[in-house]
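Q: I'd like a close look at one loop, residue by residue. After that, carry on to the other loops worth a mention, the ligand site and the chain as a whole.

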Amino acid sequence: MARAIGEAPGKILLLGEHAVVYGHPAIAIPLRSIRARVELEFTRNGGIEVVAPDIGERGTSQGDAPERVRPLVRLAQSVLDFFSEPHRGMRIQINSTIPIGRGMGSGAAVAVAVVRSVCQGLGRHLDADQVAELALEAEKVFHGSPSGVDNMVVARDEPIYFVSGRPARSIAVGPSVFRFVVADTGLASATREVVDQVKAGRDRDRARFDSFFWELGSMASVAREVIRSGSAEELGLCMNRAQQVLQALDVSCPELDKLVYVALENGAVGAKLSGGGRGGAMIALLGGNSDESQLVARLRLAGAESIFTTVLSRHQE
Ligand code: MEV
């Protein structure tokens, strides 16, 4: 039988991380230069086999699946259940160029790609929001209580303004062009643990943490208006303020702070951590005339493990 294919891009959070877990808005954009791709074949042996050569993992539905692969076996079954299709054998091969555990949506993209591959194999269709919802179940295993923003942005494959539990809104980009550079610290960010620690902090000092979340969410709301009609300099101010609040939340780390500093010294008008923090990625926004290649070179010298660029403009890449 022909192979069914499912794909999804990486993602980066522009604003609103952590606050989005508490019902505040976030802005997320796809990172299209990195992708997860799943190839699926129905087999006759009745089991589900997941092969992920990029992460050296392999597992089956017979109970020997490693922890990272198990939710994907269940996810594939849940797509069959969604369509009330009988369970059947599947071989699912996962390939991904998205760095793992860096807040770039690796888990979400793989989950979305699995859902899409099963849909294609069955000859069924789901819209992007339904795909995101099914994929969220797999993400819960990794992230405990994810807001859902990661699944939604990789399933939609467009910049979104997201509030948990509500339909995501597309963002109409105005006349400005926003050029971003994303740098990976090379350190894994354990999103689930950081989210749990933030929750513990909030349980101790609710008023203080809620004011942090409120401000982070407000920056996301202001940023949406800026993307529609403002300038890179204005968006940079939102990002810089958000970074200060994220530092106060204690989710930054010296490696992220260093990349933020280097970015702001080399042509960025805004820079902040992105995603869970304490490792993972930094996102910087270039000023109007700044030289992207110089900033990329300086970030490499400062220890960035890998660097990606993306543009928000009326005419998307
Ligand atoms: C994950 O990319 C960002 C966090 O806000 C967690 C979540 O939204 O589930 C830290």
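**A loop up close, then the rest**

A: Let's start with E85, which sits in the loop between α1 (70–82) and β5 (89–96). Keep in mind that this is a predicted model. E85 has a relative accessibility of 18%, so it counts as buried, because the cut-off for buried is under 20%. Its side chain has a partner: a polar contact of 2.6 Å links E85 to the side chain of R88. If you skip the neighbours within four places in sequence, E85 is also in contact with L80, L122 and R124.

S84 belongs to that α1–β5 loop too, but its exposure is another story. With a relative accessible area of 65%, S84 is exposed, since anything over 50% goes in that class. The backbone of S84 deserves a glance as well: phi is near 50°, which is a positive value in a residue other than glycine.

R278 does something similar with its backbone, having a positive phi of about 50° although it isn't a glycine. You'll find R278 in the loop between β9 (268–274) and β10 (281–286). At 29% relative accessibility R278 is classed as partly exposed, because that value falls between the 20% and 50% cut-offs.

One more loop residue to click on is G230, placed between α6 (206–229) and α7 (232–248). G230 is buried, at 12% relative accessibility. Beyond its neighbours within four places in sequence, G230 touches S176, F178 and E225. For a feel of the distances, try A200: it is 30 residues from G230 in sequence, and the two C-alpha atoms are 37 Å apart in space.

Now the ligand site. The residues around the ligand are K11, L13, E17, H18, V20, V21, P146, S147, V149, D150, V195 and G276. Sorted by class, that shell has six nonpolar, three polar and three charged residues. Two elements, β1 (4–15) and α4 (149–156), each supply at least two of the shell residues. On the polar side, a side-chain atom of S147 comes within 2.6 Å of a ligand oxygen. D150 places a polar side-chain atom 3.0 Å from an oxygen of the ligand, and for K11 the corresponding distance is 3.1 Å. The protein covers 97% of the 300 Å² of accessible area that the ligand has on its own.

Zooming out, the protein chain has nine helices and eleven strands. Its radius of gyration is 19 Å, close to the 20 Å the globule rule gives for 317 residues, so the chain is as compact as a globular protein of that length. Along the principal axes, the C-alpha atoms fill a box of roughly 60 × 45 × 35 Å. Of the 317 residues, 56% count as buried, with E85 and G230 each carrying that label. Looking at contacts with a separation of 6 or more, 73% of them come from residues 24 or more positions apart. As for the surface, the chain exposes about 13,300 Å², and carbon and sulfur atoms supply 48% of that area.

Note on methods:
Residues are numbered from 1 along each chain as its sequence is written. This is a predicted model: local features need pLDDT of at least 70, side-chain atom pairs count only at pLDDT 80 or more; totals for chains, interfaces and linings use all residues. Side-chain values use heavy atoms; hydrogens and water are left out. A residue is near a molecule or strand if one of its heavy atoms lies within 4 Å of it. A polar contact is a pair of N or O atoms within 3.5 Å; within protein, one must be able to donate a hydrogen and the other to accept it, and residues adjacent in sequence count only if both atoms are side-chain atoms. Accessible areas come from the Shrake-Rupley method with a 1.4 Å probe; for residues, only the protein chains shown count as cover. Helices (H or I, at least four residues) and strands (E, at least two) are DSSP runs, numbered from the N terminus. Ala, Val, Leu, Ile, Met, Phe, Trp, Tyr, Cys and Pro count as nonpolar, Asp, Glu, Lys and Arg as charged, and the others, Gly among them, as polar. Buried means under 20% relative accessible area, exposed over 50%, partly exposed in between (1.4 Å probe, protein chains only). Contact means heavy atoms within 4.5 Å. The radius of gyration is taken over C-alpha atoms; the globule rule is 2.2 Å times the number of residues to the power 0.38.
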